[in-house]
Amino acid sequence: MSDNRNEAEARSAAASKPPLDPHLKALENEAIHIFREVAAEFERPVMLYSIGKDSSVLLHLARKAFHPGRVPFPLLHVNTGWKFAEMIAFRDEIVKRYDLDLIEHINPRGAAENVTPFTHGSARYTDIMKTEALRQALDAGKYDAAFGGARRDEEASRAKERIYSFRTPDHRWDPRNQRPELWNVYNGMINRGESVRAFPLSNWTEVDIWRYIQAENIPIVPLYFAEKRPYIERDGMMILAEDPRLELLPGEAKQEGLIRFRTLGCFPLTGAIRSTATTLDDIISELETATVSERQGRAIDRDQSGSMEKKKREGYF
Amino acid sequence: MTASATATVAAFPAVETERASRDSRPLRLITCGSVDDGKSTLIGRLLWDTKAVKEDQAATLQRDSSGKQNDLGLPDFALLLDGLQAEREQGITIDVAYRYFSTDRRSFIVADTPGHEQYTRNMATGASTADLAVLLVDARTGILEQTRRHATIATLMGIRQFVLAVNKIDLTGYDRARFDEISHEFKELALSLGVKQITAIPVSALKGENVVYDGRASMPWYEGPTLVETLEKATVRSNQTVGFRLPVQRVSRPGESFRGYQGTVAGGAVKPGDSVVVLPSGMVANVKQIVTFDLVRNAAVAGDAITLVLDRQVDVSRGDMIVSIDSQPMTGRKFDAQIVALQPEGIEPGKRYWLKSGSRRQRVSVTPASQLDLKSGKWNAAEALPMNAIGKVALTFDEQAIFDTYEQNRTTGAFILIDPDTHNTIAGGMITGRHSELGGIHKGDERVILSLPADLADKLMATEIFSSRRHDAEVRHTNAGRAAELLAGLDE
């Protein structure tokens, strides 16, 4: 398979697609502006890549921002070892297709101590395998800026976060003491050891993400589309039952049904939804009539009150 | 009343079909008002009635508020908005938050700022990107000093569209005369600030009347638009009609054969063949290509993120500005500006700061001249500016600076000041012009007196040109006889 041909085909498809509507165009322009500004102002930027739909959009925008050049920074994937298998296959394919530099980091302590979502509980597991792992990876790379795909509409504490979100040398976020951010003039001045998390998708909503994926024909992990898949029900969530490490508890039984995922994370902590949406059109119309938010299926958001803010203060994205 | 409003929410159709692509850019707005005016309830109502709040978020709300509800059986909206733990614990709102909602016609980004102390700093931040301000008043108390302050700050930050939401109209028994009285008073206020696009709406945020759904059942006398209808029709400010401006963010050189200048068009439009000047060097070139990821384009307009290729080798680097040859910005080492002080240390006279405008960062020293008294609307002489102060300053640069006035271009006329010691953003600023030692018609005792019919004077002060200079003028209303005496006295 020729990567160049793939790219050429995608590009010619892009040239013939209808122009973006003004709403998506404005969001795209803003995101590209942020990418370029960070790349120009910081010495060692990195892009957090979590393989999900927001990361896919983020990556697409990065490629647009620096075209005809290469994306001038590496992608960092903080792996936990518990991602969906399809996510990892997709990641490796994308990295190859777009000629990207990928850094994968797994917390060695977590691996050595065999920290799993089953044995340590979702809060402690996330703290070690995601938050601590991210800090390790950022320190190791001496990165002074990290792009993330967070959006302000996702969660209440994110609604208050800046586009350039300042972090102390130990990666902490102080929500009460954020730099004012006026117009589109971003303050990128930091001391050595400090860093900035930059969020080009701050002003996007979930529907915007899907409409943009559709308009730009952006590849995403197939788990987002409904398909007949095996699952078990646990703690009110439908957990995908494909990974041999998933042990059934007494009373649990494998079932099969038409399901899909609205967000993707670690498979034991991410609940599926029943859905018949097999195309982007289906997903968008399902979303526009949805009555629950996308993070509803994420166990880690709910393990305690003010959960996301607490994790963010400690360095989680 | 209660029953019907609840029913409306419950009956909001789930059959809504796929949204057509939106025909306009998102409208950015700021809401001004205090908790007492019902601001949280209004925003909560907007989010709720446009279905921006989902069931699980509402359930979390119900849980957090231990079932506390307002009298319509809806969750406590303030909890929905106060996202941070400290805010929920202390029952206060910290800082600016951004909210998103959309209708079939358009998407909206709301900068939600707290109404209490430090409101100047937060309001200025929220207003910097806003196209429109929603000013909220309680129908029972009407226009307050606070309303005047909010309107003044919004105007200074360049907002030229106001919506007055006269809230809690239900508590006046839907009193039409009261509404007319408040909206009349507000129109006078807005006009005195040079704002002509004003819509006043009687609202009950709690009951959801004239927010998303109309309130005709309670207020048959009101035939105007709802709040959301007004927002759907508002215009998004654009820099498209002014001269071409491209602040260069980075130079792209993927290979020897390609050199492109990347940035977001900050004004006007550009097409291949156009003659441009690179500032501050002054070198001239022609545009060869506009490159984007999708295709080579034959034009780009304000707001577009592009890569520009010129027809000859010129020296261009980050911080330079590529501009149209026949409509150039101001260049120089001294400029006048209005700034808002954002940090406890304020603005110290003569201190050297970093100034960032677009992609250009330069050293600057700042000399405060006057401070705005938000109560009286007068500018008083000042040597330093404390936090939350709005001041006029002179900027002195080591090297050439490049600006338009903020009135002409909200991107190339705006800047932030950064403290070189703390690296914090300590001020936001708007260029008013090149610095003149004369200081305008106002310097010392020199003044120009014009005697005009009152209606003509009001019209004149409300024009675009004078709205930005209205603080340089003192308008006194007097009768013809007194005016004649005054002028006669001057002749001697």
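In the predicted model, strands β7(A) and β8(A) form a hairpin. Two residues lie between the strands. One turn residue, A:D235, has a positive phi of about 50°. The two strands run antiparallel and are joined by four bridges. Within this pairing, A:I232 has A:I239 of β8(A) as its bridge partner.

The hairpin belongs to an open sheet of four strands in chain A. The strand order is β8-β7-β9-β10, and the pairing is antiparallel. Strands β8 (237–240) and β10 (273–274) of chain A form the edges, each pairing on one side only. Strand β7 (residues 227–234) also pairs with β9 (residues 255–260) of chain A. Five bridges make up this antiparallel contact. Among the bridge partners, A:Y231 is matched with A:Q255 of β9(A). A:K228 is matched with A:L258 of the β9(A) strand.

Salt bridges were examined next. The count over all chains comes to 48. One of them joins A:D54 to A:R151, with the closest N and O atoms 2.7 Å apart. This pair links distant parts of the chain, 97 residues apart. A:D54 sits in helix α3 (residues 53–66) of chain A. A:R151 sits in the loop between β4 (145–147) and β5 (164–167) of chain A. Both residues, A:D54 and A:R151, are buried.

A salt bridge within a helix is formed by the side chains of A:R97 and A:E93, at 3.3 Å from N to O. The two residues are about one helical turn from each other because they are four residues apart in helix α4 (residues 85–97) of chain A. A:R97 has 26% relative accessibility and therefore counts as partly exposed. A:E93 has a relative accessible area of 25%, so this residue is partly exposed as well.

In chain B, B:D419 forms a salt bridge with B:K351. Their closest N and O atoms are 3.3 Å apart. B:D419 lies in the loop between β22 (414–418) and β23 (425–434) of chain B. B:K351 lies in the loop between β17 (330–341) and β18 (352–357) of chain B. The pair therefore ties together parts that are 68 residues apart in sequence. B:D419 and B:K351 are both buried.

Salt bridges also link residues into a network. Its members are A:K25, A:E28, A:K64 and A:E216, together with B:D294.

How values were computed. Residues are numbered from 1 along each chain as its sequence is written. Chains are lettered from A and ligands numbered from 1 in the order in which they are written. This is a predicted model: local features need pLDDT of at least 70, side-chain atom pairs count only at pLDDT 80 or more; totals for chains, interfaces and linings use all residues. Side-chain values use heavy atoms; hydrogens and water are left out. Two strands pair if DSSP finds at least two bridges between them. A salt bridge is a side-chain nitrogen of Lys or Arg within 4 Å of a carboxyl oxygen of Asp or Glu. Buried means under 20% relative accessible area, exposed over 50%, partly exposed in between (1.4 Å probe, protein chains only).
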